[in-house]
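Work through the exercises below with the sequence and the model at hand. Each task is followed by a solution in steps.

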Amino acid sequence: MLETMIREPQTTQPIDIATHPIPVEQVEIEITQETQPESVAILSDELSLRRYLITVPAITVEETCRETYIRFKRQTHLPCIVLCDGQQRPEGLIMREQFYRHMASRFASELYDTRSTVMFSQPHILAMDIDTEASIVVDAALAREGDSFYECVVLTHQGLLAGIITIRDIMELSNYLQLSTEQRRISSLQETHQFVEQIGDAVKVVQQAAQESHRELHLMKQQTVSGQQDLNKANQQFEEVQQLVVRQRTLAEDMLHYTGQASKVVHAVTDLAGQSNMLALNASIEAARAATAGKGFAVVAEEMRKLSSHITALSTDVNRLLTGLSEMIQQSASSTHTTETVMDQSMVYIKQANQLFGKMALEAEEASKSAEQLIQSADEADHLTSIVAQALQR
């Protein structure tokens, strides 16, 4: 199950923030509607630990330094290797650079080749669950001191090894976290500023929106009625196609029945040919006994035998063709049955859509009436606002 969720190391680099700035989404005009900045949605992918997950080998205490050295040489992209127990639970970490420093000494081969790699593992590793909030992982990683600061962070899933994340990716993730916080702060300021500006024009906006809604609802009603009419026509055509499919299925069943009857006839012809062959053989034997008097009869018997053999061969070919034809008819009947089932379900959807169109038309009519009332209320509010404005000028 873990293999399906762990990705291989990516060859492409993450997004460069300096060359790809993330825009801040403009807040919607509606006063009461809360919106989420587009930048936050964009950064959500960048703030996932799974984006930076790198799969690395899991070794046990039985692996020698020589084997680990060969593993690093063959897989040059590996930043580290994780030491695990028999259940794939992380117990230690072997960083590539630190391991190379140990193995670079003059007598390293004689000293370490046959010894367990565990002697170079870092037992005090930072292991975090892969679904942990990114900010928690970043804080824990950056809080490390000394050489452990540059070590990879081991990511687990349900306590088992899932992969690692490098300190480079941790730093990049930290930058994205800071950028996300800044974007939210800027977005909040812009939303507050726009909200203050919208208060003065709220009445006019509502008035214009109500008029536009009334026009749109009227157009929607017309389009809904037209769509319902088109759907009725499509329903009629669909029913005609459905009848043709039923006829095709019935025809396929009849053809299958006739093919079976023809196959029986071919088998009967084959049996008769076999009997004729036996009779011809017997006649040849009797003709041979009759010596000279039976020569003419022997010629006839031989021709009958050849004819029966030819009929048998033809019957075999016809039977093979009938078998192939029967299989194709069965496949066609099965496909037709499947098509008929799908069309029956589609008919249900069409009827439901027809009912939905009717309901939409009624709701559009009711909404249009509500829009008219809203226009009247907005006109009254605009008139009262003008009176208040004039009174304030006095």
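**Exercise 1. The sheet S1-S2-S3**

Describe the open sheet that contains S1, S2 and S3, and place the helices that pack on it.

Solution. The model is predicted. Begin with the strand order: three strands follow one another as S1-S2-S3 in an open sheet, and their pairing is mixed. The edges are taken by S1 and S3, each of which pairs on one side only. Next take the pairing of S1 with S2: these strands run parallel and are joined by two bridges. Within this pairing, Ala58 stands opposite Val82 in S2. Then add the helices. H4 lies across S1, S2 and S3 and runs at about 140° to S2. Helix H5, residues 96–103, also packs on the sheet, where it touches S2 and S3. The direction of H5 makes about 65° with that of S3.

**Exercise 2. The sheet S4-S5-S6**

Identify the edge strands of the sheet S4-S5-S6 and state how S4 is joined to S5.

Solution. This sheet is open, has three strands and shows mixed pairing. Strand S4 (127–129) and strand S6 (160–165) each have a single partner strand, so one side of each is left without a neighbour in the sheet. On average, neighbouring strands here are turned by 35° against each other, direction ignored. S4 and S5 (residues 153–157) run parallel, with three bridges between them. Met128 has Leu155 in S5 as its bridge partner.

**Exercise 3. Aromatic pairs**

Classify the ring pair Phe72 and Tyr100 and the ring pair Phe99 and Phe120, and locate their members.

Solution. The count of aromatic pairs comes to six. For Phe72 and Tyr100, the centres are 6.1 Å apart and the planes make 75°, an edge-to-face pair. Phe72 belongs to helix H4 and Tyr100 to helix H5, so this pair ties together parts that are 28 residues apart in sequence. Phe72 is buried at 0% relative accessible area, while Tyr100 is partly exposed at 22%.

Phe99 and Phe120 are also edge-to-face, at 5.9 Å centre to centre and 75° between the planes. Phe99 sits in helix H5 and Phe120 in the loop between helix H6 (108–112) and S4, so the parts joined are 21 residues apart in sequence. Phe99 is buried, with 1% relative accessibility, and Phe120 is buried at 9%. Finally, ring pairs link Tyr69, Phe72, Phe99, Tyr100, Tyr112 and Phe120 into a cluster.

**Exercise 4. Buried residues of H7**

Which residues of helix H7 (134–142) are buried, and how are they arranged around its axis?

Solution. The buried residues are Ala134, Val137, Val138 and Ala141. Viewed down the axis of H7, they fall within an arc of 100°, so they line one face of the helix. The general rule is that an α-helix has 3.6 residues a turn, so residues three or four places apart point the same way.

**Exercise 5. Loop residues**

Compare the backbone and exposure of Gln88 and Gln158, then find the contacts of Thr64.

Solution. Most residues other than glycine have a negative phi. Gln88 has a positive phi near 70°, and Gln158 has one of about 60°. Gln88 is in the loop between strand S2 (80–84) and strand S3 (90–95); Gln158 is in the loop between S5 and S6. Gln88 is partly exposed at 37% relative accessibility, whereas Gln158 is exposed at 62%.

Thr64 lies in the loop between strand S1 (58–59) and helix H4 (65–74). Its relative accessibility of 18% counts as buried. Leaving out residues up to four places away in sequence, Thr64 touches Asp113, Thr114, Arg115, Ser116 and Thr117.

Definitions and conventions
Residues are numbered from 1 along each chain as its sequence is written. This is a predicted model: local features need pLDDT of at least 70, side-chain atom pairs count only at pLDDT 80 or more; totals for chains, interfaces and linings use all residues. Side-chain values use heavy atoms; hydrogens and water are left out. Two strands pair if DSSP finds at least two bridges between them. Helices (H or I, at least four residues) and strands (E, at least two) are DSSP runs, numbered from the N terminus. Axes are lines fitted to C-alpha atoms, for helices over the stretch in contact, and angles run from 0 to 180 degrees between N-to-C directions. Buried means under 20% relative accessible area, exposed over 50%, partly exposed in between (1.4 Å probe, protein chains only). Contact means heavy atoms within 4.5 Å. The arc is that of the directions from the helix axis to the C-beta atoms. Rings of Phe, Tyr and Trp (its six-membered ring) pair if their centres lie within 6.5 Å; planes under 30 degrees apart count as stacked, over 60 as edge-to-face and the rest as tilted.
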